[in-house]
Amino acid sequence: MFVLYDELSRRSCQERSFFLGGCVPRVTESYREERRGEIAAAALRCFGRKGFQGTSMADIIAESGLSAGAIYGNFKNKDDLIDVSVHGVLNRLLLRIDALSSSNPIPEPHEFLTAFLRNIRQDIVTDGLLLQVWAEAVTDPDLRPIVAETLTEIKTLFANYLTRWYTQTRGLPPTEASERAGKHSAVLLGTCQGFLVQSAIVTDFNAEEYLSGLSMIAP
């Protein structure tokens, strides 16, 4: 009987120490990153609907379905969430371009842009989200270099694609292909930005008509 009492006392003590802070459950890094990703995704949905300025932390908490403690345990404030979520969006864009540009056989420029823009519309929460990011970057000194760097990286990936395309399909030597690609990569980037601007603002914008017109681009 004394043995049974001792065992029960030990378990009770362990349970009390657990809830009182004596034992802290171990949270793996993968679990923490997954939770942060869920919160960032909820924030993006809110930003897409209400804009960065119009979204409050209360909106994000409600959208995520998590407690305020869970949110603030992962992010300091809304600015922190904007930074992380924007990074996530921009990094996904870079991965999309990299995957398309390295595919075999290499696609024609209009096929490349069409696939990229269709993927963007499926991956980004709303058509206007990237426009909001660009607009914020104009006045936000912390966000501006992040967006500028990403646009430069996108332009570089476009240039790498065009260099490969010119080399493989037009038989240009690498130096000439690279020089020509450098001149035309900004045009491809601008074409993508034009698509996103019109799709977000023009009510009767015909995306398929725009995409079919890309075949007119001949770099």
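Leaving aside its neighbours within four places in sequence, which residues is Phe 158 in contact with? The list runs to Ile 97, Phe 112, Leu 113, Phe 116, Ser 185, Leu 188, Leu 189 and Cys 192. Keep that set in mind, as several of these names come back below.

**How far to trust it**

What you have here is a predicted model. Mean pLDDT for the protein is 85, with 84% of residues at 70 or more. The weak spot is helix α1 (residues 2–19), where confidence is lowest at a mean of 45. At the other end of the scale sits helix α3 (residues 57–64), with the highest mean, 96. Over residues 1–20 the pLDDT stays under 50, and the model has 4 contacts beyond four places in sequence for that stretch. So much for the start of the chain.

**The overall layout**

The protein has 10 helices and 0 strands, which gives the pattern α-α-α-α-α-α-α-α-α-α along the sequence. Of its 219 residues, 37% count as buried. Take the contacts between residues at least 6 apart in sequence, and 64% of them join residues at least 24 apart.

Helix α8 (residues 143–169) is worth a look. It has 27 residues and covers 39 Å from first C-alpha to last, close to the 39 Å expected at 1.5 Å a residue. After α8 comes Gly 171, with a positive phi near 70°. Another backbone detail turns up in the loop between α5 and α6, where Pro 105 is placed. The peptide bond leading into Pro 105 from Asn 104 is cis, with omega near -5°. For context, most residues other than glycine have a negative phi, and most peptide bonds are trans.

**Four residues up close**

Back to Phe 158, which belongs to helix α8. Is Phe 158 buried or exposed? It counts as buried because its relative accessibility is 0%, under the 20% cut-off. One of its contacts is Phe 112, which is 46 residues away in sequence and 9.7 Å away in space, C-alpha to C-alpha.

Leu 113 is another of those contacts, and this one lies in helix α6. With a relative accessible area of 1%, Leu 113 is buried too. Beyond four places in sequence, Leu 113 is in contact with Phe 158, Leu 188, Thr 191, Cys 192, Leu 214 and Ile 217. Leu 188 and Cys 192 appear in the lists of both Phe 158 and Leu 113. Thr 191 is 78 residues from Leu 113 along the chain, yet the C-alpha atoms are 8.6 Å apart.

Helix α9 supplies the next two. Gln 193 lies there, and at 24% relative accessibility it counts as partly exposed. Leaving aside neighbours within four places in sequence, Gln 193 is in contact with Trp 134 and Leu 151. Ile 201 is also found in helix α9. Why does Ile 201 count as exposed? Because its relative accessible area is 60%, over the 50% cut-off.

Here are the C-alpha separations for the four, each with a partner elsewhere in the chain:

| Pair | Apart in sequence | C-alpha to C-alpha |
|---|---|---|
| Phe 158 and Phe 112 | 46 residues | 9.7 Å |
| Leu 113 and Thr 191 | 78 residues | 8.6 Å |
| Gln 193 and Leu 117 | 76 residues | 9.6 Å |
| Ile 201 and Leu 131 | 70 residues | 9.7 Å |

**The cavity**

How many cavities of 30 Å³ or more does a search of the whole structure find? It finds 1, and the largest cavity has a volume of about 100 Å³. Of the 14 residues lining the largest cavity, Leu 93, Trp 134, Leu 151, Ile 154 and Leu 189 are the closest to its centre. Trp 134 and Leu 151 are the residues just listed as contacts of Gln 193, and Leu 189 is one of the contacts of Phe 158.

The elements giving two or more residues to the lining are α5 (78–101), α6 (109–123), α7 (129–139), α8 and α9 (174–201). As for chemistry, the lining divides into 12 nonpolar residues, 2 polar and no charged.

Definitions and conventions:
Residues numbered from 1 in each chain as written. Predicted model: local features only at pLDDT ≥ 70, side-chain atom pairs only at ≥ 80, totals over all residues. Heavy atoms only, no water. pLDDT = per-residue confidence, 0-100. Helix = DSSP H or I, 4+ residues; strand = E, 2+ residues; numbered from the N terminus. Contact = heavy atoms within 4.5 Å. Expected span 1.5 Å × (residues − 1). 1 Å grid on protein atoms, 1.4 Å probe; cavity = no way out; pocket = protein on both sides within 12 Å on 5 of 7 lines; lining within 4 Å. Points joined across faces, edges and corners; volume = space filled by probe spheres on them. Nonpolar A, V, L, I, M, F, W, Y, C, P; charged D, E, K, R; others polar. Buried < 20%, exposed > 50% of the residue type's maximum accessible area, 1.4 Å probe, protein only.
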